[in-house]
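Open the model in your viewer and keep the sequence panel in sight. The stops below say what to select and what is found there.

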Amino acid sequence: MSGTIGAMKRGWMLGVALALGCGDSTAGGDTDANTDTDGTSSTTGGTAPATTADPDTSGSPATTADPDTTAADSSSTTEVSSATDDPSTTGETLVSLGGIVVGLNGTLTLQANGGEDLVLDEDGPFTFETPIVEGDAFEVTVAEAPDVQLCMVGGGEGTAEGDVDTVVVRCGDKAFFDADDDEHGFELWMSDGTPEGTTMVADLYEGAPNSSPQVLANLDGRIVFTAVTDGSGREFWSTDGTEEGTVKIAETEAGAAGTNLQFVGVFDGRLYLRQNATLWVTDGQPEGVFEEFFVVDPDGNGGIGNLADLGEVFVFSAAVDNDQELWVSDGTPEGTSLLVDVNENVSGQVQVFPRGVGGLGYFVANGPNGREVYVTDGTAEGTSELADIDPGGGGSNPGILGALGDRVFFRASPPATGVEPFVSDGTEKGTVSLGDIRPGGGGSNAFGPRTVGEENLFVADDGTVGRELWRTDGTEEGTALLIDIRDGGADGFRGNNLYQPSLESSWVVFGGDDGTTGHELWTTDGTAEGTTLLADLNEGGAGSVPALWRTLGPDRVFFFAETDAAGCEPYVTDGTPEGTMMLDDINPGPADACD
């Protein structure tokens, strides 16, 4: 057994969660964001939440649990009345049957009452053509889902007391990962969150050698990744989740040298890559687009950083003659240009936070006041320093860590304290310190911001209780310790992040240690009483070290954990003890499926 999942570095993706709706996991930096499904749903059906759609949450609705709403079961034998009865002769009233689809990425076929099919290819409201009889039972099921998605029905069964528009179909991506079954080496695997749906996609490097796949992005239902094959080196591939649908989309370097293109980000359904001072782009489709997009520095002396999607445009950092500044693009070569030169006298050394927050982009740069945080709306006149946190030109040397709703969360070092957390709504007035959490200048090392229910959470160390969960309302006086998981000065929070299935999920998972069970799987709903040990997977105090999280379907999390009996293997959780289980012992016995 490897003994520590934290050391697993073999192609463990690039931090890009293949997730539903608001994908905010990023490649590079010390950020961790995820989404990406929402609500609470059982792995095998059971209780599913009623959902209220919000068109402004990237297709992911906010959800509230409804104990009377159950997920549709395709094996149900619910009896329904004929919807074709003539109400003029029967005296019955006909009502409509419909709802909303969110997170769809492909073509979805729904079925009403075991009969009528409805084919959908985009998010939004839907209504079956054939009405149903008021007072009769109804059932909506998924007849066929996109190959790389799992779609689940909430409110899919009930009695029609009137027009039905409360059925919610939520689609989430399957999890793609690399694993070793001790026969094929490290290859691309896929899971839909069930043991029978956890399978190897393809043995790209035939036999025992490793293809060591690295997943980059989900583009219109195809997963783009890189892999090593015999004689070809590392190149770009894409898959629809089937062996026959897994194809090489580019050979960027002939022979065994392999590619040196690196991830930049996704904008408008296309993946951007960098090679020195040149941007490349691909749509991930077989026989599709894979080409140079824009040359930033014809002399080849520059570099390119990650992009942030602001909706109509994206911003990114790029260097010409080693002067790293902020650039903007509308997705066309002719619409790509330098946005601002932050500091005309020296290199701005711009670092863009690779996610738009509230429609704004945030970046750190060396400006006239030293190294501080900047904000942009994608225009030159809408780009400015956020706040001079360390006045006098020294700079507060900030690091952007994530978002709390529409506010950015970052840490910076003002003169009076060490490195402490701040939040900002994109204005100087709305940029505030959350306090000197660790007095004496040591810095609280805050990280991992998440909005969970009504609470904003992060992790910090006040120098007394160790690394623990904190909460904030966005003010210094409203920032306080949420819970001391492990008494004393030892760390109760373990690992590197709080992982949330989506930005609307009412729970997160993380690695915690209460001093008895070791580093195990914990969850919180944002309250002290709702922060609990979710599962002691490796009993006896050694800890299972859960890590390498991914969003899997509506409000479920895929992760790896290790036990004495099975080694490091894949698991899934829906945030409940009964919904937490090992998916497969891919490498049988105590041997590890992960690296």
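Is Cys 568 buried or exposed? Select Cys 568 in this predicted model: with a relative accessibility of 0%, the residue counts as buried, because the cut-off for that class is under 20% relative accessible area.

**Stop 1: the disulfide at Cys 568**

Add Cys 594 to the selection. Cys 568 and Cys 594 are joined in a disulfide, with 1.8 Å between their sulfur atoms. This link is right-handed, at 125 degrees about the S-S bond. It connects distant parts of the chain: Cys 568 belongs to strand β46 (residues 567-573), while Cys 594 sits in the segment after β47 (581-582), and the two are 26 residues apart. Cys 594 also counts as buried, at 4% relative accessibility.

**Stop 2: the sheet around β46**

Keep β46 displayed and show β44, β45 and β47 too. These four strands make an open sheet in the order β44-β45-β46-β47, paired antiparallel. β44 (547-551) and β47 are the edge strands; each has a single partner, so one side of each has no neighbour in the sheet. Strands of a sheet pair through backbone hydrogen bonds.

Now zoom in on β44 and β45 (residues 557-563), which pair in the antiparallel sense over three bridges. To find one contact point, select Thr 551, whose bridge partner in β45 is Val 557.

**Stop 3: the disulfide at Cys 151**

How many disulfides does the structure hold? There are two. To see the pair not yet visited, select Cys 151 and Cys 171, whose sulfur atoms lie 2.1 Å apart in a disulfide. The link of Cys 151 and Cys 171 is right-handed, with 110 degrees about the S-S bond. Here, too, distant parts of the chain are linked: Cys 151 is in strand β10 (residues 149-154) and Cys 171 in strand β12 (residues 164-173), 20 residues apart. Cys 151 is buried at 9% relative accessibility, and Cys 171 is buried at 0%. Counting bonded cysteines along the chain, the disulfides follow the pattern 1-2, 3-4.

**Stop 4: the nonpolar cores**

Select Phe 409, Phe 458, Leu 469, Phe 493, Leu 498 and Phe 510. They belong to the largest nonpolar core, which has 23 residues, and they touch the most other members. Strands that each supply at least two residues of this core include β32 (399-404), β36 (447-452), β38 (467-472) and β40 (493-499). Which strand gives the most to this core? That is β37, with four residues.

Apart from this core lies another one, of 21 residues. To locate this other core, select Leu 120, Phe 126, Phe 138 and Val 140, which are among its members.

**Stop 5: an aromatic cluster**

Next select Phe 267, Tyr 272, Phe 293, Phe 294, Phe 314, Phe 316 and Trp 327. Together these residues form one aromatic cluster. Across the structure there are 23 aromatic pairs. A pair of aromatic rings is described by the distance of the centres and the angle of the planes.

**Last stop: the whole chain**

Clear the selection and show everything. The protein has one helix and 47 strands. Of its 595 residues, 57% are buried. Switch to a surface view to finish: the accessible surface comes to about 23000 Å², and 44% of that belongs to carbon and sulfur atoms.

Terms used: Residues numbered from 1 in each chain as written. Predicted model: local features only at pLDDT ≥ 70, side-chain atom pairs only at ≥ 80, totals over all residues. Heavy atoms only, no water. Disulfide = S-S within 2.5 Å. Buried < 20%, exposed > 50% of the residue type's maximum accessible area, 1.4 Å probe, protein only. Core = buried A, V, L, I, M, F, W, Y, C linked by side-chain atoms within 4.5 Å. Pairing = 2+ DSSP bridges. Phe/Tyr/Trp six-rings, centres within 6.5 Å; stacked < 30°, edge-to-face > 60°. Areas by Shrake-Rupley, 256 points an atom, 1.4 Å probe, with all protein chains shown as cover.
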